[in-house]
Amino acid sequence: MAIRGQVPIIPVVFSSYNSFLCPTKKYFNSGKIIIEALEEIQTSGLKSTDVEMLMEQTRNVMIDKFIKLNFELSKSPKDWWLTKINPW
């Protein structure tokens, strides 16, 4: 849709919430999360044949930021695993 409308994509990335999510009981404990809106990714001039490239570019930018946000949260040794998360 972004290519069809020739509008930019604005990726929004959330750090992991696994450190305060109780998956068995389906509730959150208190914790920290970072949310960041990234620079827009331009689509002007792209065609429908560029969709795969645009998806890959967007995904790579978001994964890189996801890892950096988790590293930022992992200041204490007990949270070292946040830097090891594979988001996909």
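Q: Does Thr58 count as buried or exposed, and at what relative accessibility?
A: This is a predicted model. Thr58 sits in helix H2. The cut-off for buried is under 20% relative accessible area. Thr58 has 11% relative accessibility, so Thr58 counts as buried.

Q: Which residues is Thr58 in contact with, leaving aside its neighbours within four places in sequence?
A: Thr58 belongs to helix H2. Contact here needs heavy atoms within 4.5 Å. With the sequence neighbours set aside, the partners of Thr58 are Ile9, Pro11 and Ile41.

Q: Which residues in H2 are buried?
A: H2 runs from 51 to 73. Thr58 is one of its buried residues. The full set is Leu54, Thr58, Ile63, Phe66, Leu69, Asn70 and Leu73.

Q: What covers the buried residues of H2?
A: The buried residues of H2 include Phe66 and Leu69. Their cover includes both helical and strand elements. Among them are helix H1 (2–5), strand S1 (12–14) and S4.

Q: How many Å does H2 reach from its first C-alpha to its last?
A: H2 has 23 residues. At 1.5 Å a residue, 33 Å is expected. The model comes close to that, with a reach of 33 Å.

Q: Is Leu38 buried or exposed?
A: Leu38 lies in the loop between strand S4 (35–37) and helix H2 (51–73). Its relative accessible area is 11%. Buried means under 20%. Therefore Leu38 is buried.

Q: Which residues does Leu38 touch, not counting residues up to four places away in sequence?
A: Leu38 is a loop residue that follows strand S4 and precedes helix H2. Pro11 is one of its partners. The C-alpha atoms of Leu38 and Pro11 are separated by 5.4 Å, though the two are 27 residues apart along the chain. The contacts of Leu38 are Ile10, Pro11, Val13, Val61, Met62 and Lys65.

Q: What accessible area does the nonpolar patch on the surface have together?
A: Ile35, found in strand S4, is part of this patch. The other members are Ile10, Val12, Phe14, Tyr17, Phe28 and Ile33. Together they have about 670 Å².

Q: What pattern does the protein chain follow along the sequence?
A: The chain has 2 helices and 4 strands. Read along the sequence, the pattern is α-β-β-β-β-α.

Q: What percentage of contacts between residues at least 6 apart in sequence join residues at least 24 apart?
A: The pair Leu38 and Pro11 is 27 residues apart along the chain, and Leu38 touches Pro11. Across the protein chain, the share of such contacts is 63%.

Methods: Residues numbered from 1 in each chain as written. Predicted model: local features only at pLDDT ≥ 70, side-chain atom pairs only at ≥ 80, totals over all residues. Heavy atoms only, no water. Buried < 20%, exposed > 50% of the residue type's maximum accessible area, 1.4 Å probe, protein only. Patch = residues over 30% accessible without salt bridge, like charges linked within 9 Å, V, L, I, M, F, W, Y side chains within 5 Å. Areas by Shrake-Rupley, 256 points an atom, 1.4 Å probe, with all protein chains shown as cover. Salt bridge = Lys/Arg side-chain N within 4 Å of Asp/Glu carboxyl O. Expected span 1.5 Å × (residues − 1).
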